Amino acid sequence: VVEKISGLAVKEMTPSGYAFSHSAVSKETTVHYQYSENKAFNDDIADVGSTTGTIGYRSLTPGVTYYVRAYVSRYGVTNYSNVITVSAPVAEVTDIFTEILDTGVVLEMDTGYGDYTGFQIARKSGKGKYQSLTTTTDRVYKDTGLKKNTKYTYRVRAYYYNVDTKKTVYGAYEYKTVQTGKARMD
C-alpha cells in the first residue's frame with residue numbers, strides 16, 4: 001500500500017526557504033515535493049526529494065506564483081497531495097546603517113532572505129511628503145546637499161526586476177530617521 005499525503009500547507013518561511021507540513025508518513029517513506037508555474041504540472045516541473053520538507057527560495061523567482069504538491073511513490077504507484085500556492089519573497093531590508101555628515105547622509109542597506117535587484121530610496125523632512133531620491137542596484141547610497149542640523153526620514157525597499165516578464169515586484173519598506181550636523185555612524 002502506498003501512503004497518501006494530505007493536508008499539505010506552508011508551515012513557515014525560514015531564512016532558506018518554505019517549510020511544509022502535511023499528514024504523517026512512516027519513517028522509511030521519502031516525501032517528494034514538486035513545484036511548477038503551471039497548476040496542471042505538465043510544464044517545467046521541478047522535483048525535490050526532501051527530508052526537511054522545504055523548497056529553497058533560490059529555486060524560485062520573486063513575484064511568480066508556484067503550485068506545489070507532495071507525493072510518495074512506491075512500486076510504480078504515485079499518490080499526490082492537495083495543491084497549494086507559494087510565491088518567493090523579495091528580500092526585506094532588515095536594517096539601514098547610516099553615516100551622518102554635516103550636510104549629508106550615507107545609507108547602507110542590509111537585507112534578509114529573498115532575492116533582489118536593487119533598492120528604491122525616498123526621503124522626507126519633518127512632516128512633509130516623501131520625495132523619490134533614486135532606484136539603485138548599489139547597497140550604499142550617499143545623499144548630499146542637505147540642510148545642517150535637520151531631521152530626515154528615509155524609506156527604503158528592495159525590488160526585484162524579472163527580465164523575462166519585464167515586471168518589478170517590491171519588498172516592504174524599512175524606515176530610518178537621522179539628523180545631520182554631527183558626524184557619527186548609527
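This report walks through the cores, salt bridges and a few single residues of the structure above.

Keep in mind that this is a predicted model, where local features need pLDDT of at least 70, side-chain atom pairs count only at pLDDT 80 or more, and totals for chains, interfaces and linings use all residues. Residues are numbered from 1 along each chain as its sequence is written, and side-chain values use heavy atoms, with hydrogens and water left out.

**The cores**

Let's start inside. In soluble globular proteins, nonpolar side chains tend to be buried together. A nonpolar core here is a set of buried Ala, Val, Leu, Ile, Met, Phe, Trp, Tyr and Cys residues joined through side-chain atoms within 4.5 Å. "Buried" means under 20% relative accessible area, "exposed" means over 50%, and "partly exposed" is in between (1.4 Å probe, protein chains only).

The largest nonpolar core has 19 residues, and Leu8, Phe20, Tyr33, Ile55, Leu60, Val68 and Val86 touch the most other members. Strands β2 (17–21), β3, β6 (65–74) and β8 (84–87) each supply at least two residues of this core. The top giver is β6, with four residues. Strands are DSSP runs of E with at least two residues, and helices are runs of H or I with at least four, numbered from the N terminus. Apart from this core lies another one of 17 residues, including Val90, Ile100, Ala158 and Tyr160.

Leu8 is a handy residue to click on. Skipping neighbours within four places in sequence, Leu8 is in contact (heavy atoms within 4.5 Å) with ten-odd places worth looking up, among them Phe20, Tyr33, Val68 and Ile84.**The salt bridges**

Side chains of opposite charge can pair when their charged atoms come close. A salt bridge here is a side-chain nitrogen of Lys or Arg within 4 Å of a carboxyl oxygen of Asp or Glu. By this rule the count comes to three.

| Pair | N to O distance | Separation in sequence |
|---|---|---|
| Asp102 and Lys148 | 4.0 Å | 46 residues |
| Arg139 and Asp110 | 3.5 Å | 29 residues |
| Arg123 and Asp143 | 2.6 Å | 20 residues |

Where do the partners Asp102 and Lys148 sit? Asp102 is in the loop between β9 (93–100) and β10 (104–111), while Lys148 is in the loop between β13 (140–144) and β14. Asp102 is partly exposed at 40% relative accessibility, and Lys148 is partly exposed at 47%.

Next comes Arg139, in the loop between β12 (131–136) and β13, paired with Asp110 in strand β10. Arg139 counts as partly exposed because its relative accessible area is 32%, and Asp110 is partly exposed too, at 29%.

Is Asp143 buried or exposed? Asp143 counts as buried because its relative accessibility is 4%. Its partner Arg123 is buried as well, at 15%. Arg123 belongs to strand β11 (residues 118–125) and Asp143 to strand β13.

**Thr153 and its neighbours**

Arg123 turns up again among the residues that Thr153 touches, a list that also includes Tyr130 and Lys176, not counting residues up to four places away in sequence. Thr153 is in strand β14 (residues 151–162) and is buried, with 13% relative accessibility. Its side chain makes a polar contact with the side chain of Thr177 at 2.9 Å. Such a contact is a pair of N or O atoms within 3.5 Å; within protein, one must be able to donate a hydrogen and the other to accept it, and residues adjacent in sequence count only if both atoms are side-chain atoms.

**Two last stops**

Asn38 lies in the loop between β3 (31–36) and β4 (46–50), and is partly exposed at 25% relative accessible area. Asn38 and Tyr66 are 28 residues apart in sequence and 7.4 Å apart in space, C-alpha to C-alpha.

Met13 lies in strand β1 (residues 9–13) and is partly exposed, at 36%.
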